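Here are my notes for your first read-through. Keep the model open beside them and look up each residue as you go.

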Amino acid sequence: MNSTRHNGVRSAWALLLALAVIVAGCGSDAATSGGGGMGSSDAGGGGARSYEYGTAGGTDVATSDASVGDTSGGADAGSTHQDATVDAGEADTADAGPSVDKQVVPANPFVLAKADPFSTFAADVDTASYDNFLQYIGMGALPPPTWVRLEEFVNAFDYKDSRPAPGSPHPFAVHVEAARSPFSPATRLVRIGIAGKSMAEISKPAVNLVFLVDVSGSMSASNKLPAARELIKASIEVLAPTDTVAIVKYASGVAVTLAPTKAAEKAKIVAAVNALKSGGSTNGAGGIQLAYQQAEAAKVEGINHVVLCTDGDFNIGVSSTTALVSLIEEKRKLGITLTALGFGGPGYNDAMMEAVSNAGDGIYASIANAQAAVAYAKDGLLSSIFHIAKDVKLQVEWNPMVVYAWRLLGYENRALTDIEFLQDEVDAGEIGAGHKVTALYEIVLEPDALPQPSGAPQVIGTGKLADASGSEVKPEIQDTELVRAKVRYKLPGASATDPSIQIHAALDATAVAEDQLVDLAKASPSLRWAVGIAAMAERLKGSPFRSKADESVALGLLSGATEGIEKRKTALSAMQKAAQQIP
């Protein structure tokens, strides 16, 4: 999920996430919009399904269909706003661990729409940050602020956005909705949602899986290696008999426990799994190299994927994030992707896990126990490796005649320059079957309404709008639109130079201009839930844009939007416990 420019920046941001406290922000009718010809999603996380593994319809809604089409739009060549506030640089995260440094990294700033109407970032499919939060709360503690990635909290839930209609040429649908903010009377909140086709709607390609299992001494706990064993066994049940499975173990040394074997040979695979025993220190880098050798030996025309199962750092051998990312990116270009699964609760190198899974175009998820491991294998494994779209980039364009300033909540380390939206060779995010992506924005309509609390990053108000050749670019948004959410993607199998496909959904500006948006309390349960979760995530990470007083508002939003869903009830309980501990 890195771009050509983005590789170094993202690796550096992964370090900053581990070393710094990230600070980011979050009428009569609620306005909503869905992509025309795009139809319900049982999608999970952030793409990916959200895994809270082993955790301790609004009224009077006006809807409008937005046009969807294949276009090539305009973008600006300005820097990402995140890059404008931080000089990240290359760095090694081998020793980052879960410790928290007190350095403060600026949040996404407000951006003046007349200076730059474009917000551009790569799709994110992880939910590990939320999974880790639940485990911390189960231990009676709060996660380090550096472990809180707001977008992964928001993307941990299903917002019931409709999937593409049958026969749609596009693999996902795009939706937009908005309401007044309960935190500031002059602020509006906008949700962008993407919902992908379900597993039942796609053809399943051949699968070649290599499980790379950490068997170091620290993995002996019942919620670590035993849970990883259960995950592999359960994975056999969701594979086709002709799919292949291999197992590589690593500790002080590395070894092939199971050479590539057809999934039909269940007894042989289970015997190899049961033979995995823990002991020794960790040579993760050597293990990855051997895992890739096994993947290459059994490579198929379909999915070739390494599943890393670990509880910690790679503390022997080539252990720098930069070196590992380079290796994994090289193999990704050869068609072998990678997922990182953290076992046994918080304690592993969160930044490294995110960095390697990003480099491998895979998922980073947190697995708390054996029950959670089985749930992941049954509900999330295939959907996370069966991509329905790749190089997925979002560009949200605001109407500067209506919007004075905008702020993206989260996605700090997914930023792309605006011109990269149009550059088809730029690698971005992947969306798997049934996956969803949700993004929240805070917008203001008048200059005197701009929130600037103490500690907030400087407002961005300059930037040259230009295309790759340096000429001025015309925005695509129409005068009647408040916002146009554009998505560019490629179908699986497309090359780096193949042209991307672009679709969009737009929200009419009338309701906002005439102040007809409902208060958030009357908006859809999906919007209320997303805003409530985002606000609590901001509090957890110490954002200057949310105060202690906002917690009661956020918890009220969550309490009124559970809709009887057990997962939401669990989240509400966890957030209530968190609110008692947040300073």
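1. Which residue just after α3 takes a positive phi? That residue is G140, with a phi of about 80 degrees. Bear in mind throughout that this is a predicted model.

2. Start with the whole protein. Its secondary structure comes to 15 helices and 20 strands. The chain has 583 residues, and 63% of them count as buried. The exposed surface is about 18800 Å². Carbon and sulfur atoms supply 51% of that surface.

3. Now look at helix α3, residues 128–138. This helix is mostly covered, with 10 of its 11 residues buried. Among the buried ones are Y130, F133, L134, Y136 and I137. Polar residues are on the list too, including S129, D131, N132 and Q135. What do the buried residues of α3 pack against? Their partners are four helices and a strand: α4 (150–154), α9 (350–359), α13 (525–541), α15 (566–579) and β14 (364–367).

4. β14 leads to a sheet. This is an open sheet of 6 strands, in the order β11-β10-β9-β12-β13-β14, and the pairing is mixed. Why does one side of β11 and of β14 lack a neighbour in the sheet? Both strands stand at the edges, and each has a single partner strand, so one side of each is left free of a sheet neighbour. On average, neighbouring strands here are turned by 20 degrees against each other, direction ignored. As background, strands of a sheet pair through backbone hydrogen bonds, either parallel or antiparallel.

5. Zoom in on the β14 edge. Its pairing with β13 (residues 336–343) is parallel, over 4 bridges. Find L341 and look across: A365 in β14 stands opposite. Helix α10 (residues 370–379) lies across β13 and β14. The helix runs at about 145 degrees to β14.

6. Elsewhere in this sheet, find N208 in strand β9 (residues 206–214). Is N208 buried or exposed? N208 counts as buried, because its relative accessibility is 0%, and buried means under 20%. Its side chain makes a polar contact with the side chain of T244, at 2.9 Å. The N208 side chain also reaches the backbone oxygen of A298 at 3.3 Å. Other residues that N208 touches include A295, K299, V300, I303, N304 and H305.

7. Next, a hairpin. β7 and β8 form it, with 6 residues between them. The two strands pair in the antiparallel sense over 9 bridges. One bridge joins A179 to L189 in β8. β7 (residues 172–180) has 9 of its 9 residues buried, so this strand is largely enclosed by the rest of the structure.

8. Finish with the nonpolar cores. How many residues does the largest one have? The largest nonpolar core has 84 residues. Those with the most contacts inside it are F172, V190, L341, F343, W398, Y441 and L482. Helix α5 (residues 225–238) gives this core its largest share, 7 residues. Another core, of 41 residues, lies apart from it and includes L134, V154, A523 and V531. L134 takes you back to α3, where it is one of the buried residues.

9. One last residue to trace is Y441. Its contacts include L189, V190 and I192. Y441 also touches W398, W406, R407, L408 and L409, among others.

Notes:
Residues numbered from 1 in each chain as written. Predicted model: local features only at pLDDT ≥ 70, side-chain atom pairs only at ≥ 80, totals over all residues. Heavy atoms only, no water. Buried < 20%, exposed > 50% of the residue type's maximum accessible area, 1.4 Å probe, protein only. Contact = heavy atoms within 4.5 Å. Pairing = 2+ DSSP bridges. Axes fitted to C-alpha atoms, helices over the stretch in contact; angles between N-to-C directions. Areas by Shrake-Rupley, 256 points an atom, 1.4 Å probe, with all protein chains shown as cover. Polar contact = N/O pair within 3.5 Å; in protein donor to acceptor, adjacent residues only side chain to side chain. Core = buried A, V, L, I, M, F, W, Y, C linked by side-chain atoms within 4.5 Å. Lists of a residue's contacts leave out its neighbours within four places in sequence.
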